[in-house]
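Okay, thanks for coming, everyone. I'll talk through the ligand site first and then the aromatic pairs, so have a look at the screen.

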Amino acid sequence: MGHNQCVPNQLDLSSLRLTVLGGGPGGYEAALVAASLGAKVTVVERQGLGGSAVLTDVVPSKTLIATADTMTRFTDAAGLGVRFSADSAVFADLDKVNQRLLKLALDQSSDIRATLERLGVRVIIGSGKLLDDLRMEVEEDGGKSIIEADAVLLAVGATPRELPSAKPDGERIFNWTQLYNLREIPEHLIVVGSGVTGAEFASAYNGLGSKVTLVSSRDRVLPGEDADAAEVLEGVFRDRGMTVLSRSRASAVDRTDDGVLVHLADGRTVEGSHCLVAVGAVPRTAGIGLEEAGVQLSESGHIEVDGVSRTTASNIYAAGDCTGIFALASVAAMQGRIAIAHLMGDSVTPIKLKQVASNIFTSPEIATVGVTEEDLASGRFQGDVVKLSLHTNPRAKMMNVKDGFVKVISRKGSGTVIGGVVVGPRASELIFPLALAVTKKLHVDDVASTFTVYPSLTGSISEAARRLHVHL
Ligand SMILES: Cc1cc2nc3c(=O)[nH]c(=O)nc-3n(C[C@H](O)[C@H](O)[C@H](O)COP(=O)(O)OP(=O)(O)OC[C@H]3O[C@@H](n4cnc5c(N)ncnc54)[C@H](O)[C@@H]3O)c2cc1C
């Protein structure tokens with residue numbers, strides 16, 4: 001991909017005009033950095049600051065999952081000797097739960113807007129479209145206007161992919177942005193799609209008390225993730241009463257009088273009360289003047305960028321889900337920051353995807369960083385792997401945690417930590433020592449010789465590192 005040269009590094013930053021299209025983490029983080037360095041920044045966003053990450057995706061889903069987690073702990077409490085008297089029924093008031101999460105999302109959106117405006121960023125609530133590489137047409141309530149800039153950052157995100165035969169209506173058939181309208185726990189939720197989003201909502205609604213059927217077109221849930229982790233999760237899903245239909249492609253979803261009927265490609269049908277269609281996302285890159293501005297798109301419609309977030313057009317950068325790199329808020333924000341560092345002539349290091357820590361917020365959680373066992377199998381990396389099941393960990397026994405493991409991957413010969421997986425409660429927090437080790441290229445002996453608290457789940461991480469010791 002031939003990338004043109006960008007704005008010269010010697011620019012007077014106080015005269016640099018930057019337009020950011022999209023106010024999600026890819027856009028607002030970049031706007032914050034650019035404004036604090038003195039640039040004149042305008043953010044054009046049509047739904048609200050924080051973007052989909054704050055308004056419909058990360059924030060509401062993780063808030064919902066916080067309630068589901070609490071419910072799951074009630075269910076699991078019996079294993080720790082907790083008893084409830086006959087009349088102390090526990091249930092989630094979904095109306096309250098959803099009101100809470102939507103308020104939280106809106107509050108966070110206003111906080112982001114206030115922070116941007118405090119730094120002098122001009123925020124326009126409207127839709128933007130490039131006219132050429134320097135001019136953007138903006139349509140807002142008051143009409144149309146044109147903004148001129150020296151540089152543009154595109155952070156337009158992605159939107160749920162729709163199946164023509166399973167159109168969401170927001171009443172019985174939903175995409176994930178509509179699910180928060182539910183007022184009562186669905187009696188039987190059918191989740192179509194067993195990727196990260198499908199698995200997270202299936203897990204959450206199972207925890208909240210719905211009957212859940214997960215329809216997966218693949219051999220196992222979470223295709224593309226660590227196979228051991230996916231196997232543990234699928235086992236837990238089944239143990240918790242979820243029906244997981246593997247190798248079952250949904251071909252259509254219809255409304256019935258009082259629910260939904262999901263048709264599978266092999267002729268079977270599944271009847272439920274509600275259906276969530278979570279079959280991926282498509283970038284919001286159509287019809288916003290990208291081709292006219294010389295911004296090259298991939299076949300999937302994603303914006304092609306290099307390691308420092310440059311597109312194929314001079315002075316136009318892109319960050320986040322619209323680039324199709326890793327659909328993560330943390331990656332979007334990092335791409336945005338890198339774009340600004342490059343634009344402003346600051347020292348810049350290209351994004352390193354093998355250092356990205358990510359988490360799937362199911363119960364148990366699945367957190368990963370760095371090189372995977374699949375990378376080893378493909379021969380791209382040579383490594384050693386130690387996997388320790390949590391059921392041998394003393395803290396896990398005390399907490400009655402039976403499902404989960406830690407896996408540490410080190411470079412063959414040298415013993416440098418290059419990857420890891422944690423499956424367990426709060427794996428999202430437990431992955432940090434491994435992320436630090438991968439990023440800072442620590443040796444397994446560095447991890448093994450660091451004190452862990454006794455008893456603790458992290459004890460299994462240092463134990464795995466100990467077992468990876470390289471004998472000289
Ligand atoms: C259910 C769900 C849960 C998730 N959970 C997590 C998680 O726990 N952790 C994590 O790291 N990631 C998570 N993600 C991924 C995360 O949401 C995305 O990676 C992140 O939102 C990407 O940020 P972005 O800035 O690229 O885009 P977005 O957050 O999508 O923001 C883009 C914004 O651009 C605006 N826009 C688009 N086109 C225009 C236009 N022409 N004019 C004006 N405005 C426009 C849109 O309105 C939108 O608000 C989750 C995703 C989903 C679907």
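**The ligand and its shell**

So, domain 1 (13-56 + 97-159 + 282-353) and domain 2 (173-279) each put at least three residues into the shell around the ligand. Keep in mind that what you see is a predicted model.

How many residues surround the ligand? There are 37, and the closest are Gly26, Glu45, Gln47, Asp321 and Ala329. Sorted by type, the shell splits into 16 nonpolar, 15 polar and six charged residues.

Let's go through some contacts. Gly26 uses its backbone: a polar atom there sits 2.8 Å from an oxygen atom of the ligand. Glu45 uses its side chain instead, with a polar atom 2.7 Å from a ligand oxygen. And with Ala329 we're back to the backbone, where a polar atom is 2.9 Å from an oxygen atom of the ligand.

How much of the ligand does the protein cover? On its own the ligand has 1000 Å² of accessible area, and the protein covers 94% of that.

If you want to find the shell on the screen, these are the elements that give two or more residues to it: helices α1 (25-36), α2 (51-55), α3 (58-76), α5 (196-208) and α7 (329-343), plus strands β2 (40-45) and β3 (122-130).

**The aromatic pairs**

Okay, on to the rings. Searching the whole structure turns up two aromatic pairs.

One is Phe74 with Phe84: the ring centres are 5.7 Å apart and the planes meet at 55°, so we call this pair tilted. Phe74 is in helix α3, while Phe84 is in the loop between α3 and α4 (94-118), so to speak ten residues down the road, and the pair links distant parts of the chain. Buried or exposed, where does Phe74 fall? In between: at 35% relative accessibility, Phe74 is partly exposed. Phe84 is partly exposed too, at 40%.

The other pair is Tyr180 with Phe201, with 6.4 Å from centre to centre and 55° between the planes, which is tilted again. Here Tyr180 comes from the loop between β8 (173-174) and β9 (188-192), and Phe201 from helix α5; they are 21 residues apart, and this pair also links distant parts of the chain. Why does Tyr180 count as buried? Because its relative accessibility is 3%, and the cut-off for buried is under 20%. Phe201 is buried as well, at 4%.

That's what I have; happy to rotate the view if anyone wants another look.

Definitions and conventions:
Residues are numbered from 1 along each chain as its sequence is written. This is a predicted model: local features need pLDDT of at least 70, side-chain atom pairs count only at pLDDT 80 or more; totals for chains, interfaces and linings use all residues. Side-chain values use heavy atoms; hydrogens and water are left out. A residue is near a molecule or strand if one of its heavy atoms lies within 4 Å of it. A polar contact is a pair of N or O atoms within 3.5 Å; within protein, one must be able to donate a hydrogen and the other to accept it, and residues adjacent in sequence count only if both atoms are side-chain atoms. Accessible areas come from the Shrake-Rupley method with a 1.4 Å probe; for residues, only the protein chains shown count as cover. Helices (H or I, at least four residues) and strands (E, at least two) are DSSP runs, numbered from the N terminus. Ala, Val, Leu, Ile, Met, Phe, Trp, Tyr, Cys and Pro count as nonpolar, Asp, Glu, Lys and Arg as charged, and the others, Gly among them, as polar. Domain bounds come from an automatic or database domain assignment. Rings of Phe, Tyr and Trp (its six-membered ring) pair if their centres lie within 6.5 Å; planes under 30 degrees apart count as stacked, over 60 as edge-to-face and the rest as tilted. Buried means under 20% relative accessible area, exposed over 50%, partly exposed in between (1.4 Å probe, protein chains only).
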